[in-house]
Amino acid sequence: MPIEERRVPLPRFVNVVSLRMQTCLNSRKRGLPGAEQLRYLPGEEYNLQIRWKTILTFVSIIVILTITPVPGLPWGQDGHRIVGALADRELVGSRAEREVRTLLQPKETLENISFWADCAKGYCGELTEEMKAFVQSNPTHHHYHYTDVPFQRSQYIWKSIGTSDDDIVVLLTQAIRVLQGKGGSSDNPHYFTRRQALLLLAHCVGDVHQPLHVGSAYLDRDDIFIDPARMEDIQAGSVEATFGGNRLLIDGGRSLHADWDSTVVRYAMNRAHSDSVLSYVDALMTKYPAHEAMTGEPTTWPQLWVEDSLQLAKRVHEGLIVQHRRRITDPKHGDQWVWAVTPPPDYDRQSSTAAEQALVRAGKRLAALLRAIWPE
C-alpha cells in the first residue's frame with residue numbers, strides 16, 4: 001500500500017481573513033477605488049501588517065497544537081492522586097503508614113507526592129532543589145515510567161523488544177529492594193535513596209497499571225498492527241513504533257495515550273458524579289471494599305502487574321480503525337509519522353470502566369506492596 005502524505009489545510013476563516021486584509025492592503029498600495037475608505041494614518045499600513053503577522057502566528061500555533069500529538073502525563077495528576085489517595089486510605093493505622101511518614105516531609109501524603117516523578121520531568125514548573133539533584137543523578141529518568149512491549153504479547157521478557165535497562169519493571173524492582181534494605185550496587189545500581197525509592201514507587205505503581213505505559217503498538221508499511229520479530233526492522237524503518245500510542249490520534253486529534261491518561265479518568269469521575277479526586281476516592285472505597293491480595297516475593301510483583309496491563313492493552317487497541325499514515329513536523333522531535341484512528345462505538349464508556357478498575361488495582365496494590373515491605 002503506498003504511503004500517503006497529506007497536507008492539513010488552514011481553517012477556512014484564516015483564508016477569508018487573509019483575503020480581506022490583503023485586498024485592503026493592495027487597494028491602499030495601488031490607489032484603487034475604495035482605498036480612501038480605509039482612512040489610514042501614516043504608518044498604519046505597517047501596523048496592520050504587523051497585526052496580521054501576529055494573527056497568522058497565533059493561528060499557526062493553534063494548527064500545530066491541533067495536529068501535533070502531545071505526549072500525555074501517565075494517568076494525569078488526577079489519576080495519580082486517585083492511586084495515592086486509595087493507598088493512603090488502605091494503610092490507615094498500619095506499620096506501613098508509620099514507616100511511610102518517616103520518609104515524607106510534613107504535610108506530604110502518598111496522594112500529594114504521587115506525581116513528584118512527573119514534576120521532576122519539568123511538567124509542574126520550576127524544579128525543586130531535590131528534583132534537580134535527582135535529575136542530575138538520573139539522566140535517563142524519563143525512561144523509568146514505561147516499557148514498550150508489543151501489546152500482542154502476554155509476557156514481559158527483559159531484553160526483548162520494547163524493554164530496556166531503565167524501564168519501569170527494572171525501576172520498580174530496584175525501588176522495592178531499596179525499601180527492603182538491600183542497598184548494594186547490584187540491587188540498586190541507580191543509587192536511589194530510600195525517600196527517592198518511595199517517591200518513585202508512589203508514582204510508577206500507577207504508571208505500570210496504565211496500559212499504554214506497558215503495551216505499545218507497532219505498525220508495518222501497510223499501516224497494520226504488527227508484533228515485530230526483530231529490533232532491526234524497527235531500526236530500518238520497515239516497522240514503526242507508536243511510543244505507547246502517542247502517535248495514534250483519535251479522529252486525528254488527541255493521542256490515544258493522552259486519552260487514557262486523562263480523558264477516560266474524567267469520564268469515569270463524571271459517571272460516578274464526583275467533582276473532586278477525594279469524593280471519587282470515597283466512592284471507589286465503597287464500590288471496591290476488598291483489599292488486593294498479593295503473595296510471593298514483592299520484587300516479582302512488577303512483572304505480574306505488567307502482564308495484567310498487557311491484557312488490558314489488547315482491549316485498548318481492539319476495534320481501532322487505522323487510517324493511512326501522514327507525516328507531521330513536531331517542534332521538539334522533528335518529522336514523524338502519525339496515524340489517525342477511529343475507535344469503535346461506546347469506546348469512552350468501556351474504556352472509563354476499565355480505567356477505573358485499573359486505578360483501583362494500582363492504589364490497592366501500592367498499599368499491599370508497602371504492607372509487604374513493612375509487615376506488622
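Here are four short exercises on the structure above, each with a worked solution.

Before you start, note that this is a predicted model, where local features need pLDDT of at least 70, side-chain atom pairs count only at pLDDT 80 or more, and totals for chains, interfaces and linings use all residues. Residues are numbered from 1 along each chain as its sequence is written, and side-chain values use heavy atoms, with hydrogens and water left out.

**Exercise 1. The whole chain**

Find how many helices and strands the protein chain has, and what share of its residues is buried.

Step 1: Helices (H or I, at least four residues) and strands (E, at least two) are DSSP runs, numbered from the N terminus. The protein chain has 13 helices and eight strands.

Step 2: Buried means under 20% relative accessible area, exposed over 50%, and partly exposed in between (1.4 Å probe, protein chains only). Of the 376 residues in the protein chain, 48% are buried.

**Exercise 2. Two packed helices**

Work out how helix H10 is oriented against helix H13.

Step 1: Two packed helices are described by the angle between their axes and the distance between the axes. Axes are lines fitted to C-alpha atoms, for helices over the stretch in contact, and angles run from 0 to 180 degrees between N-to-C directions.

Step 2: H10 (residues 256-271) and H13 (residues 347-373) pack at about 85°, with axes 8 Å apart. The two helices are therefore roughly perpendicular (under 35 degrees is roughly parallel, over 145 roughly antiparallel, 65 to 115 roughly perpendicular, the rest oblique).

Step 3: Now look at who meets whom, where contact means heavy atoms within 4.5 Å. The H10 side includes Trp260 and Tyr267, and the H13 side includes Tyr347 and Leu359.

**Exercise 3. Asp223 and its surroundings**

Is Asp223 buried or exposed, and which side chain does it join by a polar contact?

Step 1: Locate Asp223 in the loop between strand E3 (218-219) and helix H9 (231-236).

Step 2: Asp223 is buried because its relative accessibility is 7%.

Step 3: The side chains of Asp223 and Trp339 form a polar contact of 2.8 Å (a pair of N or O atoms within 3.5 Å; within protein, one must be able to donate a hydrogen and the other to accept it, and residues adjacent in sequence count only if both atoms are side-chain atoms).

**Exercise 4. Two loop residues**

Decide whether Gly181 and His213 are each buried or exposed.

Step 1: Gly181, in the loop between H7 (168-179) and H8 (194-207), is exposed because its relative accessibility is 58%.

Step 2: His213, in the loop between H8 and strand E2 (215-216), is buried, with a relative accessible area of 5%.
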